[in-house]
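Reader: I'm new to this structure and would like a close look at one part of it. Could you walk me through a sheet and whatever packs around it?

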Amino acid sequence: RKKIAVMTSGGDSQGMAAVIRAVVRTGINMNCDVFCVQQGYNGLIEGGEYIRKTEWADVRGYLPRGGTPIRTARCKAFYERPGRLTAAKNMVINGIDAIIICGGDGSLTGADRFRAEWPSLLEELVSKGELTAQQIVPHKHLNIVGLVGSIDNDLSGTDATIGCYSALDRISTVISWVQDTADSHSRAFVIEVMGRHCGWLALMAGVASGADFIFIPEQPREDNWKEEMCSIVKKHRDEGKHQTIVVMAEGAQDRYGKKITTDMVKDLLSDPHGLDLDTRVTIVGHPQRGGKPVAHDRMLATLQGVEAVHAVLEATPETETCFIAINENKIVRKPLMAAVQATKEVAEVIKAQDFEKAVKLRDTEFAD
Ligand code: ADP
């Protein structure tokens, strides 16, 4: 029987539990033994109890669950070869040579590195006498398939990452609560949301909430942003609106790459010589990562989890390592490293202020 491992790694997101359920049950249906690795790459390095054979009933209730029940972690040791060497040994001991990993671009990079090094890791383990030549024979190749779990929706080549719609739901809910009290007191609120270098959460939350003004890293503000924002807010107030909502991505910046902070915006809105609005700041923070996944994330996690098992079983040493994407509502396999590289490039390109290129790089087919 083929043995496959599933793990969650890096930052958590809603829908990771649903991924585990889909992979475990599809794997069992396809006559595989499925192992859950606890705490991301830490679990691969620790071995033992951290690598657990998982049965059908073990994942009951995972579909609507928030967080990742098999835990996730950032693992320093996996950046170094000795860490990956121990991980390889633990995998061979358990008879595992296929991994489905759900995480962000860092986790997927680590997985691809592990796959590329696999033959040399096994050779080293044999030469050191930690494994026998016999033991490695059935495990000459490592197959990896990635699933993108991230609230930020920041990975190039896929329209949505697992968790982004749940985080968007949390933000939109918080904004609607804030709008009630803002309206009662005629207040202004500056709301900061997560997303790192990506403005998707801020942009979509702003659209979904009817925000007055939105700051995203992909649209750095020109020198006149203060006048622009104040004149729009004033216009809305003059039209009879009693509350003001400004949504800011944590990566909000001006055209010189300087961070625009919530306090800067608050000071501007509350300036007694200007709009003179009673203004508060709300940092939505970690509630964005919590709670049950919305239906879209459960569906995405399930469809992609099923596809990941098919992909890992069909992979040959010649196949390019893939991740599972969704493009125009279709679940598809795409080259993993091209997407990771395009994602990394986005941050650089934004820093260099080539914003059109940044948007293209995020696109389904990447820029040239
Ligand atoms: P995310 O997957 O959410 O982007 P990180 O970037 O923190 O989060 O990556 C998660 C983990 O993946 C890291 O703690 C590390 O163990 C592993 N990893 C990331 N990049 C590499 C790399 N270049 N080489 C080896 N392991 C890596």
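Author: Here is a walk through one sheet, its helices and then a few other parts for context.

Keep in mind that this is a predicted model. The sheet to look at is an open one of seven strands, in the order β3-β2-β1-β4-β5-β10-β11, and its pairing is mixed. Start at the two ends of that list. β3 (51–53) and β11 (330–335) sit at the edges with a single partner strand each, so each has one side left without a neighbour in the sheet. As you go from one strand to the next, the twist averages 25°.

Now zoom in on the β11 end. Strand β10 (residues 322–327) is joined to β11 by six bridges, and these two strands run antiparallel. If you want a spot to put your finger on, try Phe323, which stands opposite Lys334 in β11.

Next, the helices that lie against this sheet. α10 packs on the sheet and touches β1 (3–8), β4 (98–103), β5 (143–148), β10 and β11. The direction of α10 makes about 170° with that of β5. α11 packs on the sheet as well, touching β5, β10 and β11. For α11, the direction makes about 85° with that of β11.

Each of these helices has a helix partner, too. Take α10 (residues 295–314) to begin with: helix α1 (residues 16–29) packs with α10 at an angle of about 35°, and their axes are 8 Å apart. The crossing of α1 past α10 is right-handed. On the α1 side you'll find Ala18, Val19, Ala22, Val23, Thr26 and Gly27, and they meet Arg298, Ala301, Thr302, Gly305, Val306, Ala308 and Val309 in α10. Sorted by class, the residues of this contact come out as eight nonpolar, four polar and one charged.

Then there's α11 (residues 336–351). Helix α12 (residues 355–362) packs with α11 at an angle of about 165°, with the axes 9 Å apart. The two helices are therefore roughly antiparallel to each other. This time the crossing, α11 past α12, is left-handed. α11 brings Ala342, Glu345, Val346, Val349 and Ile350 to the contact, while α12 brings Phe355, Lys357, Ala358, Leu361 and Arg362. Seven residues of the contact of α11 with α12 are nonpolar, none are polar and three are charged.

While you're here, have a look at the other sheet. It is open, with four strands in the order β7-β8-β6-β9, and the pairing is parallel. At its edges are β7 (213–215) and β9 (279–283), each with a single partner strand, so one side of each has no neighbour in the sheet. Here the twist averages 15° from one strand to the next. Three bridges link β7 to strand β8 (residues 244–249), and the two run parallel. Phe213 stands opposite Val246 in β8. Helix α6 (residues 164–185) packs on this sheet, touching β6 (188–193), β8 and β9, and its direction makes about 165° with that of β6.

Last stop: the ligand. It is surrounded by 16 residues, and the closest are Gly10, Gly104, Gly106, Ser107 and Gly110. Helix α4 (residues 105–127) gives the most to this shell, with six residues. By class, the shell around the ligand has four nonpolar, nine polar and three charged residues.

Technical notes: Residues numbered from 1 in each chain as written. Predicted model: local features only at pLDDT ≥ 70, side-chain atom pairs only at ≥ 80, totals over all residues. Near = placed C-beta within 6 Å. Nonpolar A, V, L, I, M, F, W, Y, C, P; charged D, E, K, R; others polar. Axes fitted to C-alpha atoms, helices over the stretch in contact; angles between N-to-C directions. Left-handed = near helix turned anticlockwise from the far one by under 90°. Contact = placed C-beta atoms within 7 Å. Pairing = 2+ DSSP bridges. Parallel < 35°, antiparallel > 145°, perpendicular 65-115°, else oblique.
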